[in-house]
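Trainee: Please give me a close look at one part of this structure, namely the annotated sites and the elements around them. I am new to it and would value a connected account.

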Amino acid sequence: MQNTLKAPVTFEGIGLHTGKPAKMVVFPAAAQQGISFKRSDIALGDTVVPARWDMVERTALCTRLVNKAGVAVSTVEHIMAALAGCGVHNARIEIDGPEVPIMDGSSAQFVRGIMATGLQRLGVPVRAWEIVKPVLVETRDARAMLMPCDRLKITFNIEFAEQGIGSQSRELDLRNGAFARELCDSRTFCRRVDVETMQSNGLALGGVPGENAVVFDGPVVHAGSGLRHADEPVRHKMLDALGDLALAGLPIFGHYIGDKAGHSLTNTLLRAVFAEPGAVREVTCDPVRTARLPGQGLVWSEIPKDVRRVA
Ligand SMILES: [Zn+2]
């Protein structure tokens, strides 16, 4: 069955890129409504921004949604990943600023807030996208792909010259609450050399190394009390991929493979999937299919409680 939240849940903090504070309230919504944002600080006009792939204004460093009236919400990927990973299919998210709070740079606080509030079943079967044939998009040095699969699987490979990151690969079957257990506490990251470039372009203005982003600076890693996983960067890229794939509007049965991909390429992939005749079909989930969705089988005791560090 489709789920929403039992009650509203509030998150407050600053935006990673704008540095602006925002209060975000995730409200329950009826079946078939999907996920949408509403800018509560804008009084006039159409302030609702559907969390959908065709609303994405492509951007390199975060996922920004813009509606037809030009109303935007930035950095939606970590709350979208949390909702998808917890199996929340319908929610209305009110936010009083231009950017979703970055919290600790991961989805962990969103997951804890959602699961502490609890889910409400809506009595309507879950609808999902089933990938029917492989679709691949690529740029000069990156690629992203969706292949048929009876569950959601994410494979990711990254390769950075920065010594603290290097090459990392991971594959994860998203069933049985694996997102909360394996990915949700992995934080956003960047290289020290990129920080100044971003800030001179008006980005990463709310970034605090070690507090809401892991910053790699040669042999030095600013990661608060330490990395939470030895391969925290690739896990975060998988978290981002789940959040960006959630903009398909419905859960996906498919195998996503990202090689050095980012927000922009994953969105290009969704656009290609929906443009390619016969690449995807909508299915209504029976109990067997429903049991394979990411939020099913999520156990509270397995959600990371607090900052963990690699021993
Ligand atoms: Zn991210």
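**The annotated sites and their surroundings**

Mentor: Let me begin with a single residue: Ala 204 counts as buried, because it has 25 C-beta neighbours inside 10 Å, and 20 or more are enough for that label. The model is a predicted one, and the values that follow are computed from it. Ala 204 sits in the loop that joins α4 (192-200) to β17 (214-217). Its phi is positive, about 60°, although the residue is not a glycine. In general, most residues other than glycine have a negative phi. Asn 176 is another non-glycine residue with a positive phi, in this case near 55°. That residue belongs to the loop between β15 (167-173) and α3. Asn 176 is only partly exposed, since 19 other C-beta atoms lie within 10 Å of its own.

With this reading of burial in hand, we may turn to the annotated sites. The unreviewed UniProt entry places an "active site" at His 263. This residue is found in helix α6, which covers residues 263-275. His 263 is buried, because 23 C-beta neighbours lie inside 10 Å. Beyond residues up to four places away in sequence, it touches Thr 59, Cys 62, Thr 63, Glu 77, Asp 240 and Asp 244.

Two of those partners, Asp 240 and Asp 244, belong to α5 and lead us to the packing of that helix on α6. As general background, two packed helices are described by the angle between their axes and the distance between the axes. Here the axes of α5 (residues 232-245) and α6 come within 10 Å and cross at roughly 35°. The crossing is right-handed. On the α5 side, the residues that meet α6 are Asp 240, Ala 241, Asp 244 and Leu 245, while α6 contributes His 263, Thr 266 and Asn 267. Sorted by class, this contact holds two nonpolar, three polar and two charged residues.

Asp 240 also appears in a second annotation: for "binding site", the unreviewed UniProt entry lists His 78, His 236 and Asp 240. These positions span 163 residues in sequence, yet no two of their C-alpha atoms are more than 9.5 Å apart, so they gather at one spot. His 78 lies in helix α1, whereas His 236 lies in helix α5. His 78 is buried, because it has 31 C-beta neighbours inside 10 Å. Leaving aside neighbours within four places in sequence, His 78 is in contact with Val 100, Ser 106, Ser 107, Phe 110, Leu 239 and Gly 243. His 236 is buried too, with 27 C-beta neighbours inside 10 Å. With the sequence neighbours within four places again set aside, the contacts of His 236 are Ser 186, Arg 187, Thr 188 and Phe 189.

The domain assignment sets these sites in a wider frame. It gives domain 1 as 3-121 and domain 2 as 127-302. The C-alpha centres of the two domains lie 17 Å apart. Between them, 35 residues of domain 1 are in contact with 37 residues of domain 2. On the domain 1 side of this boundary, α1 (77-86) and α2 (108-117) each supply at least two residues. The largest share of that side, nine residues, comes from α1. By class, the side of domain 1 that touches domain 2 has 18 nonpolar, 13 polar and four charged residues.

Helix α2 deserves a closer look. It is mostly covered, with seven of its ten residues buried. These are Ala 108, Gln 109, Phe 110, Val 111, Arg 112, Ile 114 and Met 115. Phe 110, one of the contacts of His 78, is thus among the buried residues of α2. The elements covering these residues include β1 (3-5), β2 (9-14), α1 and α3 (178-183). Just after α2, Gly 118 takes a positive phi of about 95°.

One further histidine completes the picture. His 89 lies in the loop between α1 and β9 (91-95). It is buried, because 28 other C-beta atoms are within 10 Å. Apart from neighbours within four places in sequence, His 89 is in contact with Gln 2, Asn 3 and Val 126.

Notes
Residues numbered from 1 in each chain as written. Predicted model: local features only at pLDDT ≥ 70, side-chain atom pairs only at ≥ 80, totals over all residues. UniProt positions renumbered as here; feature names shortened; annotations may be inferred. Helix = DSSP H or I, 4+ residues; strand = E, 2+ residues; numbered from the N terminus. Buried ≥ 20, exposed ≤ 12 C-beta atoms within 10 Å, placed from the backbone. Contact = placed C-beta atoms within 7 Å. Axes fitted to C-alpha atoms, helices over the stretch in contact; angles between N-to-C directions. Left-handed = near helix turned anticlockwise from the far one by under 90°. Nonpolar A, V, L, I, M, F, W, Y, C, P; charged D, E, K, R; others polar. Domains from an automatic or database assignment.
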